[in-house]
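Biologist: I'd like to learn how to read salt bridges and cores in a model. Could you walk me through them?

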Amino acid sequence: MSRELIYNGFLHLTPNHHSHGYWRTPEGQVQYNYNQLDAYVQTVKTLEKGLFDTLFIADVVGVYGIEYGDGKTTMRAGTQFPEPDPITILSALGLATENLGLVVTSNVIQTHPFSFARQISSLDEFTRGRIGWNIVTSYLSNGFRNYGYQDIVPHDERYEWAQEYLDVAYKLWELSWEEGAVLHDPATNRFFDADKIHKINHVGKRYRVEGPHIVEPSPQRSPVFFQAGNSDAGRRFAARNAEVTFLPSQTPDTARKDIAILNQDVVDYGRQPEDLKKLVMLSTVIGSTEEEAKRKQQYLFDNIDINALQSFYSGGSGIDLANIDPDTPLTELSRREEFSQHMRSKFRIAVDADYGQGRVLTWREYLIQHALLPGRFAGTPEQIADRVQQFADAGVDGFNVVPVTTLGWWDEWVEHVVPVLQKRGLAQTAYKPGTLREKIFRKESKLPATHPQRKLTLS
């Protein structure tokens, strides 16, 4: 059954987000403008023309693969390097748009929660309630060392850290100012009611924050919470805190299973399944015919910088995979004891799924078909809509649309794919009024009363 889905336009302020090496082609050379504000202003205007729900800006605070060969491969290839700070451009993008939500990734290690809460409240004010926050804990050891830590914090402890960070920010956004604190009343000589503005006096394992919040409540108070953790700890964090989460599911069948598990976690935290929107990644090569789409996809694959892709995958997995001969059979890698059981299992699953179509699947082919994000699906707009419908039937609420190139790809999607999705009832034909939260959930602009954070109080 068709229903309007959520579409996030994925972006990185970087030369090479996931299409490693494609910048060398004439089509990819638009990436040379990655550090030009005008390029992103044009992008958000295109996304708003296509009635996207949000611009979703990813971010990292370290260099991929620096543990495995000093990171020079990543730096040479411009693989998520350099990485300007995305929060710096949100005001400009907000001014260039009227309805598009703006979701920024910010790592708990990079900004103190008091400063971050202040930035977000300010941006939510200036954009009239269109800000979302993608909560991340960082998986790059170099990122932690950049902020003065000896090494990366253990995985589950990072989520404990993120929870306290969110608690601090929530108290500032939601509890520091009571409703009715904003008066602007010349008759009583009270711009604000100071009796309704409170310190938060947070004392925790990592933070001591007195308060009060020094920005008045914004239209949403709290930004819409996005989160993408796929581990058990990450999934529980999403079930407790997130309003939008990204599933790792690559097929409708796996999405259906992942959603069932996540929905039970959501209920365990006293929420309803519909309180958490579930999105999957969608990255397509678009052609007027299937033959054209497949030809364009092969052109993308032919221009991949395999060494840069290996370095990227090493940094993301936390395992030294950068120096493997690309022509090594995957069956051999699936038996190597130096790799984790999880990684060996992933290799075996790929072999069993016969990605090689009867041939010996190599490490190179695995990287292109599994680790490479852009261009995983190639087809006509109608075939892409069929794919979208299959995921919708599995219970998915929408998509993080990952372009082949960060810049210069969106016009093709908006011109050719969006009309087909709209015709089938799978994409909105007009923006709903209100804040980002109201647009996504069709409810109030504030965090709902059922959210676990609403149980927090000031001491």
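Modeller: Sure, starting with helices: helices (H or I, at least four residues) and strands (E, at least two) are DSSP runs, numbered from the N terminus. Keep in mind that this is a predicted model, where local features need pLDDT of at least 70, side-chain atom pairs count only at pLDDT 80 or more, and totals for chains, interfaces and linings use all residues. Residues are numbered from 1 along each chain as its sequence is written, and side-chain values use heavy atoms, with hydrogens and water left out.

Biologist: How many salt bridges are there?

Modeller: The general idea is that side chains of opposite charge can pair when their charged atoms come close. The rule here asks for a side-chain nitrogen of Lys or Arg within 4 Å of a carboxyl oxygen of Asp or Glu. That gives 18 salt bridges.

Biologist: What separates Asp 253 and Arg 256 in helix H8?

Modeller: About one helical turn, because they sit three residues apart in helix H8 (residues 252-268). They form a salt bridge, with the closest N and O atoms 3.2 Å apart.

Biologist: Is Asp 253 buried or exposed?

Modeller: The scale is relative accessible area: buried is under 20%, exposed is over 50%, and partly exposed is in between (1.4 Å probe, protein chains only). Asp 253 is exposed at 51%, while Arg 256 is partly exposed at 41%.

Biologist: Which residue does Asp 305 form a salt bridge with?

Modeller: Arg 76, with the closest N and O atoms at 2.9 Å. Asp 305 is in the loop between helix H9 (290-302) and helix H10 (306-317), and Arg 76 is in helix H2 (residues 72-77), so this pair ties together parts 229 residues apart in sequence. Asp 305 is buried, at 8% relative accessible area.

Biologist: Where in the chain are Lys 296 and Glu 412?

Modeller: Lys 296 is in helix H9 and Glu 412 in helix H15 (residues 410-423), distant parts of the chain 116 residues apart. Their side chains meet in a salt bridge at 2.7 Å, N to O. Lys 296 is partly exposed at 26%, and so is Glu 412 at 25%.

Biologist: And how do I read a nonpolar core?

Modeller: Take buried Ala, Val, Leu, Ile, Met, Phe, Trp, Tyr and Cys residues and join them through side-chain atoms within 4.5 Å. The largest such core has 108 residues, and Tyr 7, Trp 363 and Trp 413 have the most contacts inside it. Helix H6 (residues 155-175) gives the most to this core, eleven residues. A second, separate core has 14 residues, including Val 244 and Phe 246.
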